[in-house]
Protein chains: 2
Amino acid sequence: MKNDKIIFLTNDDSYLSKGFRAAVNLAREFGRVIAIAPDRVQSGMSQAITINTPLFLRQVEVSDDVEIYAFSGTPVDCAKIAFDHFFKDKRVDLVLSGINHGSNAAVNVMYSGTMGAAIEGSFYGVPSIGLSLDDHDADADFEGAVKYGREIIASIMEAADRLPRPLCLNVNVPRCGVEDIQGIRLARQTRGFWREDFYARQDPHGRDYFWLTGAFQNAEPDAEDTDEWALAHRYVSVVPVQVDMTDYRMLKSLDGVIK
Amino acid sequence: MKNDKIIFLTNDDSYLSKGFRAAVNLAREFGRVIAIAPDRVQSGMSQAITINTPLFLRQVEVSDDVEIYAFSGTPVDCAKIAFDHFFKDKRVDLVLSGINHGSNAAVNVMYSGTMGAAIEGSFYGVPSIGLSLDDHDADADFEGAVKYGREIIASIMEAADRLPRPLCLNVNVPRCGVEDIQGIRLARQTRGFWREDFYARQDPHGRDYFWLTGAFQNAEPDAEDTDEWALAHRYVSVVPVQVDMTDYRMLKSLDGVIK
C-alpha cells in the first residue's frame with residue numbers, strides 16, 4: 001500500500017524552491033510525505049550543523065498526504081531533527097533530498113547541503129537519495145529529473161530489503177530535454193577539484209570585498225565510469241556514497257614516517 | 001632554512017581562540033606563518049562554502065614571521081582565498097588547521113570546519129594537517145597537542161617530497177596530561193554516527209526552539225586500529241583522509257537494481 005510508506009523530504013534550496021515543489025509531487029507518488037526543509041537558501045552548506053544557536057521549526061503546509069515544515073537550520077539539521085525528534089522510532093521508508101538546482105557530481109558531493117542531508121539520512125538506516133539537476137536556474141525544467149528520479153526511487157524502494165546499509169545515492173540529471181537523456185549509468189565520483197577566481201570589488205562604503213566564483217577542474221574527463229562523463233554524455237549518473245574517508249593507501253605510505 | 005618555508009594556518013574556532021594562538025606559536029617554529037582564519041566561531045561548518053554573499057578580509061596582526069588575517073567566510077573559504085587569491089603560484093609548504101577545541105575523530109571529520117579547511121588545503125597539493133584536542137574548553141591545555149603536533153609536522157615536512165598527494169592528516173590528541181600520552185598511532189576512521197537529543201524549550205517570547213546536543217555512538221569500540229580506540233587509550237591518532245566517497249561495494253550491489 002502506497003500510504004503505508006513514509007517519505008522524508010528535504011533539500012538545501014529551501015522549501016520555496018521550484019525543485020523542492022517538484023520533489024514534493026514526485027515523493028507523494030510513493031507514500032505520505034513529511035518534509036522538513038530549510039527556511040532559506042542553504043546551498044553549499046555541506047555537512048554543516050548548528051551547534052551554537054537555537055533553531056525554530058514551523059509548519060507551512062498540511063494536507064492528507066503532505067506535511068511541510070520550514071526549519072531555521074542547515075540541511076543536516078533538518079535530517080537530524082526529523083529522525084531524532086520528529087520520527088523517533090517511526091519507520092521511514094525513504095529519504096529524498098532535492099531536487100537540487102545544480103549538479104552535485106564529482107567533489108561537489110562534499111560541498112552540497114543537499115547531499116549533506118542525504119548522507120545524514122542514510123546514517124539512520126533509511127535508503128537515501130540526493131537528486132540534483134545540472135541547472136542552477138531558479139526556473140529550471142525538472143521534467144527529466146522527475147522522470148528518472150521516479151525510476152530510481154521505484155527501483156530502490158523495491159530492492160530496499162536486500163540492499164545493505166547505509167545506502168546513499170548521489171543522482172545527477174543532465175541539463176537537456178527529457179527526450180535527449182540517454183539513460184541511467186552507475187558511476188564513481190570523478191577525481192578533480194575546483195579552482196576559484198575571487199571576484200574582488202569595493203562596496204558602496206569603499207570596503208574591499210571578495211565573492212567566490214570558480215570552475216571545476218576535471219582530472220579525468222575521458223574516464224567513462226565517472227559521474228561527470230555520464231552527465232557530459234547526457235546520462236543520469238548514480239553514485240553510491242559512503243563516509244569512511246580513511247586514505248588506506250596513504251596509511252601504508254606513512255608507515256615509518258609517523259612513529 | 002626555516003625561513004624559506006611558508007606555513008598556511010587556519011581553523012574554525014576563529015583567530016581569537018586559544019587553540020589558534022597555540023598553533024601560531026607552533027607553526028612559526030617551522031617557517032613564516034600566513035594565517036587566514038574565520039573572524040568568528042565557525043565550528044561544525046564542515047566543507048561549507050559561501051556562494052551567495054560577499055566576504056571581507058582584514059589584517060589583524062603582522063610581524064617578522066607572522067601575518068594574521070580575519071576573514072568573514074567559512075574555514076573552507078579561508079583556504080580557498082589563501083590559495084586562489086593570496087598565494088596564487090607561491091609555494092606553500094604546509095597547511096595547518098587548528099588547534100581545534102574538541103575531537104575530530106571518527107565521523108566528526110565530516111562535520112568539522114577545521115577538517116574541512118585541512119581537506120581543502122590538500123586539494124592544492126600541499127601537505128595538510130588538521131590538529132585537534134579532545135577538549136572543548138575555551139581554556140583547554142594545549143601542551144600535549146603542541147608537543148605531538150610538533151613531532152608530526154616535523155615528520156611530514158621531512159618526508160613531504162616522497163609522499164603522494166593529496167596528503168591530508170586528521171590528528172587528534174587525547175585530553176590528559178602530556179606525560180600520560182602513550183605515543184602516536186596511525187589509525188583508520190572509526191565507524192559510528194551521532195544520535196542527537198534535541199533540547200526543546202521556549203524562548204522569552206513563547207516560541208518553541210530546539211538546540212542540538214547528542215552523543216557519538218561508536219559501532220566498533222574494541223577495534224584497536226581506529227582513531228576512537230587510540231584516543232580512549234591516550235594515544236594521539238593520525239588518520240590520513242581522502243575524498244573519494246564512492247561506495248564501491250554498493251556499486252556491485254546496485255548492478256541489476258539500477259538499470
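Ile99(A) lies in strand S5 of chain A, and in this predicted model the peptide bond that leads from Gly98(A) into Ile99(A) is cis, with omega near -5°. The strand that holds Ile99(A) is one member of an open sheet of nine strands in chain A, where the pairing is mixed. Chain B can be laid on chain A with an RMSD of 0.0 Å, and 64 residues of chain B are in contact with 63 residues of chain A.

**The sheet of chain A**

- The nine strands of the open sheet in chain A follow the order S3-S4-S2-S1-S5-S6-S7-S13-S8.
- Strand S3 (57-62) and strand S8 (183-186) of chain A stand at the edges with a single partner strand each, and therefore one side of each has no neighbour in the sheet.
- Direction ignored, neighbouring strands of this sheet in chain A are turned against each other by 20° on average.
- S3(A) pairs with strand S4 (residues 66-71) of chain A in the antiparallel sense, over five bridges, and within this pair Arg58(A) stands opposite Ala70(A) in S4(A).
- Helix H1 (residues 18-27) of chain A packs on the sheet and touches strand S1 (6-10), strand S2 (32-38), S4, strand S5 (94-101) and strand S6 (128-133) of chain A, while its direction makes about 145° with that of S5(A).
- Helix H2 (residues 75-87) of chain A lies across S1, S2, S3 and S4 of chain A and runs at about 135° to S2(A).

**The sheet of chain B**

- Chain B has an open sheet of nine strands with mixed pairing, in the order S3-S4-S2-S1-S5-S6-S7-S13-S8.
- In chain B, S3 and S8 are the strands at the edges, and because each has a single partner strand, one side of each is left without a neighbour in the sheet.
- From one strand to the next, the twist in chain B averages 20°.
- Strand S3 (residues 57-62) and strand S4 (residues 66-71) of chain B run antiparallel and are joined by five bridges; a hairpin leads from S3(B) to S4(B) through three residues, and Val62(B) stands opposite Glu67(B) in S4(B).
- Strand S6 (residues 128-133) and strand S7 (residues 168-173) of chain B, by contrast, run parallel and are joined by six bridges, with Val171(B) in S7(B) as the bridge partner of Leu131(B).
- H5(B) lies across strand S5 (94-101), S6, S7, S8 and S13 of chain B, running at about 165° to S6(B).

**The nonpolar core**

- The largest nonpolar core has 161 residues, and those that touch the most other members are Ala23(A), Ala35(A), Ile129(A), Ala23(B), Ala35(B) and Ile129(B).
- Beyond its neighbours within four places in sequence, Ala23(B) is in contact with Leu9(B), Asn11(B), Leu96(B), Gly98(B), Ile99(B) and Leu131(B).

**How the two chains meet**

- A turn of 180° and a shift of 0.0 Å along the axis lay chain B on chain A, and the two copies are thus related as by a two-fold rotation axis.
- Because 98% of the interface residues of chain B are also interface residues in chain A, the copies meet through the same surface.
- The contact joins 64 residues of chain B to 63 residues of chain A, and the elements of chain B that each supply at least two residues to this side include helix H2 (75-87), helix H5 (143-159), strand S13 (235-240) and helix H7 (248-254).
- H2(B) gives the most to the side of chain B that touches chain A, with five residues, and by class this side has 39 nonpolar, 13 polar and 12 charged residues.
- Asp197(B), in the loop between S9 and strand S10 (199-202) of chain B, touches Asp84(A) as well as Thr213(B) and Gly214(B), residues up to four places away in sequence not being counted.
- Asp197(B) counts as exposed, because it has 12 C-beta neighbours inside 10 Å, and its C-alpha atom is separated by 6.7 Å from that of Leu212(B), 15 residues apart along the chain.

**Backbone details**

- Most residues other than glycine have a negative phi, and most peptide bonds are trans.
- The peptide bond from Arg165(A) to Pro166(A) is cis, with omega near -5°, and Pro166(A) is found in the loop between helix H5 (143-159) and strand S7 (168-173) of chain A.
- Ser46(A), in the loop between S2 and S3 of chain A, has a positive phi of about 55° although it is not a glycine, and with 29 C-beta neighbours inside 10 Å it counts as buried.
- Ser46(B) lies in the loop between strand S2 (32-38) and S3 of chain B, has a positive phi near 55°, and is buried, with 29 other C-beta atoms within 10 Å.

Key
Residues numbered from 1 in each chain as written. Chains lettered and ligands numbered in written order. Predicted model: local features only at pLDDT ≥ 70, side-chain atom pairs only at ≥ 80, totals over all residues. Core = buried A, V, L, I, M, F, W, Y, C linked by C-beta atoms within 7 Å. Buried ≥ 20, exposed ≤ 12 C-beta atoms within 10 Å, placed from the backbone. Contact = placed C-beta atoms within 7 Å. Helix = DSSP H or I, 4+ residues; strand = E, 2+ residues; numbered from the N terminus. Nonpolar A, V, L, I, M, F, W, Y, C, P; charged D, E, K, R; others polar. Pairing = 2+ DSSP bridges. Axes fitted to C-alpha atoms, helices over the stretch in contact; angles between N-to-C directions. Least-squares fit on C-alpha atoms with pLDDT ≥ 70 in both.
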